[in-house]
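Colleague: Could you take a close look at the pockets of this model for me, and at what lines them? A connected account would suit me better than a list.

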Amino acid sequence: MSSTMIQTVSELSVPIAWGEIRGKVWGPDHGHPVLCLHGWADNCGTFNTLIPLLPKECRYVMVDLAGHGLSSHRPPGVFYSFFAYVADVRRVVDGLQWTKFSIIGHSMGGNIAAMFSALYPEMVDAIILLDTFGFLPTDPKEISKVMRQGMDEMLQYEKKMEEKKRVYTYEKAVERLLAANPTLSEQSVHILLERGLVQVDGGFVFSRDLRLNFKNIVRISLEQSLEMQSRIQASVLVVLADKGFGATFPDSRRQELSSTLLQAYRDRNHTVVTVPGDHHVHLNHPEVIAPLVSNFLQTKVI
């Protein structure tokens with residue numbers, strides 16, 4: 001399937017205080033609105049292969065989150081956090097004049113989707129979480145250490161002279177992304193690089209903000225995650241990959257936290273399913289995901 005999808009795709013730009021949020025739009029003008037949020041260090045191209053397989057009655061807006069793809073980076077001195085992205089989502093939907101919509105979120109995008117839905121429950125009618133638990137709780141004993149690490153990383157970065165980004169040939173950029181994301185197929189790498197590279201003298205640089213690599217300093221506990229989860233009014237579909245994000249947890253504590261979150265979804269009559277594949281199964285093999293997502297959208301909101 002061509003990474004350019006089909007001819008009905010158009011570019012999107014939503015002005016924000018420090019620049020713009022860029023993205024792509026697919027589907028009829030008056031279709032049911034669906035916001036698509038990508039994972040960390042990816043961009044909205046992550047949905048290129050999935051969206052054409054989903055219901056044609058929807059209008060899908062796929063955004064590059066701040067610091068990713070073609071969207072503006074945050075101003076100097078500003079940290080990247082899930083809650084800052086939640087505010088960005090509100091900026092985008094206000095710009096689109098949406099008052100009720102669905103969200104598809106992969107990985108970090110799913111965490112942003114769930115948090116937004118907890119804070120603005122009246123605005124979201126359905127949430128689809130792709131290989132994510134919707135929240136990323138941190139053991140309270142670890143929160144101070146993680147916060148300090150993230151702050152120290154930012155402060156060290158700011159002390160350095162302005163660094164030029166490393167310039168790659170296209171082939172070397174492909175190798176770099178494949179090495180950093182071994183779950184991506186080579187075709188998926190080419191798709192993500194359409195918005196993930198900027199051409200400069202002598203080659204290409206990655207478009208994402210280097211500050212994305214720093215620890216997220218805004219952390220919440222399991223108790224806070226469960227409280228927020230309880231405020232979600234939308235129907236929720238969680239689609240996990242059997243070789244995905246959860247399979248990489250190195251310790252039993254992380255597994256315990258995720259199991260508690262998943263059980264809480266089930267207890268509230270939400271749907272949790274597992275499919276064969278890895279963390280990027282929605283991009284590498286969208287045919288595995290598409291029937292579940294399509295049925296959910298058609299049952300809940302279309």
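Modeller: I begin with the second largest pocket of this predicted model, in which about 440 Å³ of space lies. Its lining is made up of 19 residues, and those closest to the centre of the pocket are Tyr-168, Arg-176, Arg-208, Leu-210 and Asn-213. Two elements, helix 3 and helix 4 (170–180), give two or more residues each to this lining, and helix 3 gives the most, with three residues. Sorted by class, the lining of the second largest pocket holds eight nonpolar, three polar and eight charged residues.

Helix 3 also leads on to the largest pocket, where it again gives the most to the lining, this time with four residues. The volume of the largest pocket is about 1300 Å³, and 47 residues line it, with Leu-136, Lys-215, Arg-219, Phe-245 and Arg-254 lying nearest its centre. Besides helix 3 (140–159), the elements that each supply at least two residues of this lining are helix 1 (82–96), helix 2 (108–119) and helix 7 (252–267). By class, the lining of the largest pocket divides into 19 nonpolar, 16 polar and twelve charged residues.

Helix 7, one of the elements that supply the lining of the largest pocket, also carries Ser-259, a residue that can be set beside another serine, Ser-225, which is found in helix 6 (residues 222–230). Ser-259 has a relative accessibility of 45%, and because this value falls between the limits of 20% and 50%, the residue counts as partly exposed. Measured against those limits is not the only way to place Ser-259 in the model, for its C-alpha atom is separated by 14 Å from that of His-270, which stands eleven residues away along the chain. Ser-225, by contrast, has a relative accessible area of 0%, and it is therefore buried, since that term applies to values under 20%. Once its neighbours within four places in sequence are left aside, Ser-225 is in contact with Phe-135, Pro-137, Ile-220 and Leu-261.

Definitions and conventions: Residues are numbered from 1 along each chain as its sequence is written. This is a predicted model: local features need pLDDT of at least 70, side-chain atom pairs count only at pLDDT 80 or more; totals for chains, interfaces and linings use all residues. Side-chain values use heavy atoms; hydrogens and water are left out. On a 1 Å grid over the protein atoms alone, a cavity is a set of points where a 1.4 Å probe fits but cannot get out, and a pocket is an open set with protein on both sides within 12 Å along at least five of seven lines; lining residues have an atom within 4 Å of a point. Grid points are joined across faces, edges and corners, and a volume is the space filled by probe spheres set on the points. Ala, Val, Leu, Ile, Met, Phe, Trp, Tyr, Cys and Pro count as nonpolar, Asp, Glu, Lys and Arg as charged, and the others, Gly among them, as polar. Buried means under 20% relative accessible area, exposed over 50%, partly exposed in between (1.4 Å probe, protein chains only). Contact means heavy atoms within 4.5 Å.
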